[in-house]
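Colleague: I'm still new to reading structures, so could you pick one part and take me through it slowly? Plain words, please, and tell me how you get from one step to the next.

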Amino acid sequence: MGGGQLSSAPLPRSFFDRPSPEVAPDLLGRVLVHGPVAVRLTEVEAYGGPGEDPAAHTYRGRTPRNAVMFGRPGHVYVYFTYGMHFCANLVCLPEGSGSAVLLRAGEVVAGVDVARARRTGGSASAPAGGGRRVADRDLARGPARLAVALGLLREHNGIDAIWPGAPGETETLLTRDHRLTGVPHGAVVMLEGRPADPSAIRSGPRTGVSTAKETPWRFWIDGDPAVSPYRAHVPRRRNAAATSVGEAPSS
């Protein structure tokens with residue numbers, strides 16, 4: 001998995017004030033922190049705005065469900081899918097645009113025991129349901145798993161991921177040995193991390209979407225074990241809930 005030092009400098013709001021297909025590959029290697037857990041992003045998907053991207057929640061305009069996507073850039077859009085999973089996204093472009101990046105997978109770089117306990121129903125060591133122990137690479141390998149590992153739920157929909165403090169106040173947010181310090185309880189913070197080597201970034205069709213299926217807006221770090229497997233869209237029953245900032249991210 002990723003080696004080397006991860007920068008604890010926060011990403012500014014201007015980072016997200018760009019089209020989602022530009023933001024998405026630039027998010028690879030960055031670190032999202034929520035409370036005691038931090039995840040280095042290894043796979044993301046971009047989704048466009050109203051009338052632009054048929055796979056996006058905002059394609060037909062603003063609704064109560066997708067309202068956060070029309071807010072300021074850098075906020076977290078959390079949605080519930082298939083009656084069982086939450087998925088997390090980061091809003092892009094100026095307020096009113098309706099675009100975001102879905103966080104598909106990552107490597108847990110801090111708070112591994114907490115993330116594993118969340119994934120296994122409360123125990124950091126015992127496997128869920130008597131099954132096998134969740135491997136480190138699988139803790140946040142898929143959008144639903146990533147949201148579980150980070151503890152992101154419906155109440156976090158609309159939370160700001162931009163650090164409000166002065167730049168000098170963030171030097172110890174993520175220590176050299178990947179311990180988190182100084183992050184307020186419940187805060188979500190997007191850190192600079194260590195941007196992926198551009199030569200290692202790959203792109204292709206988004207996972208599980210039934211429309212705009214060939215749009216190459218899925219981005220991942222080639223060879224990283226925390227990247228989730230690609231799955232093409234499989235038709236579901238008509239009463240199945242649509243997911244994604246598009247449709248059906250699998251985990």
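Modeller: Let's start with D138 and R141, which are both buried. Keep in mind as we go that this is a predicted model. D138 has a relative accessibility of 10%, and buried means under 20%, so D138 makes the cut. One of its partners is R137, and the two side chains meet in a salt bridge at 3.9 Å, N to O. R137 has a relative accessible area of 34%, so R137 counts as partly exposed. D138 also forms a salt bridge with R141, and there the closest N and O atoms are 3.2 Å apart. Elsewhere, salt bridges that share partners join E43, E45, R104 and R218 into one network. A search of the whole structure finds 13 salt bridges.

Now pick out one pair from that network. R104 and E43 form a salt bridge, with the closest N and O atoms 2.9 Å apart. R104 sits in strand β6 (residues 99-110) and E43 in strand β3, so the pair ties together parts that are 61 residues apart in sequence. Both R104 and E43 are buried.

E43 has brought us to β3, so let's follow that strand. β3 covers residues 37-47 and pairs with β2 in the antiparallel sense, over four bridges. To see one of those contacts, find H34: its bridge partner in β3 is V37. β2 and β3 form a hairpin with two residues between them. In the turn you'll find G35, which has a positive phi of about 60°.

β2 pairs with another strand as well. Four bridges join β2 to β7 (residues 188-193), and these two strands run antiparallel. Here the residue to look for is L32, whose bridge partner in β7 is M190. Next, check where the side chains of β2 (residues 31-34) go: V31 and V33 point one way, while L32 and H34 point the other way. All four of these residues are buried.

Just before that in the sequence there's a helix to look at, α2 (residues 20-27). Its buried residues are S20, V23, A24 and L27. Look down the axis of α2 and these buried residues fall within an arc of 105°, so they line one face of the helix. The general rule behind this is that an α-helix has 3.6 residues a turn, so residues three or four places apart point the same way. What covers the buried residues of α2? The list includes α1 (13-16), β3, β5 (85-92), β6, β7 and β9 (218-221). You've already met β3 and β6 as the homes of E43 and R104. Just after α2 comes G29, which takes a positive phi of about 90°.

Those two glycines lead to a last thing to check. L93 has a positive phi of about 70° although it is not a glycine. You'll find L93 in the loop between β5 and β6. At 23% relative accessibility, L93 is partly exposed. A212 is another non-glycine residue with a positive phi, in this case about 50°. A212 lies in the loop between β8 (201-204) and β9, and its relative accessible area of 24% makes A212 partly exposed.

Definitions and conventions:
Residues numbered from 1 in each chain as written. Predicted model: local features only at pLDDT ≥ 70, side-chain atom pairs only at ≥ 80, totals over all residues. Heavy atoms only, no water. Buried < 20%, exposed > 50% of the residue type's maximum accessible area, 1.4 Å probe, protein only. Pairing = 2+ DSSP bridges. Salt bridge = Lys/Arg side-chain N within 4 Å of Asp/Glu carboxyl O. Arc of directions from axis to C-beta. Contact = heavy atoms within 4.5 Å.
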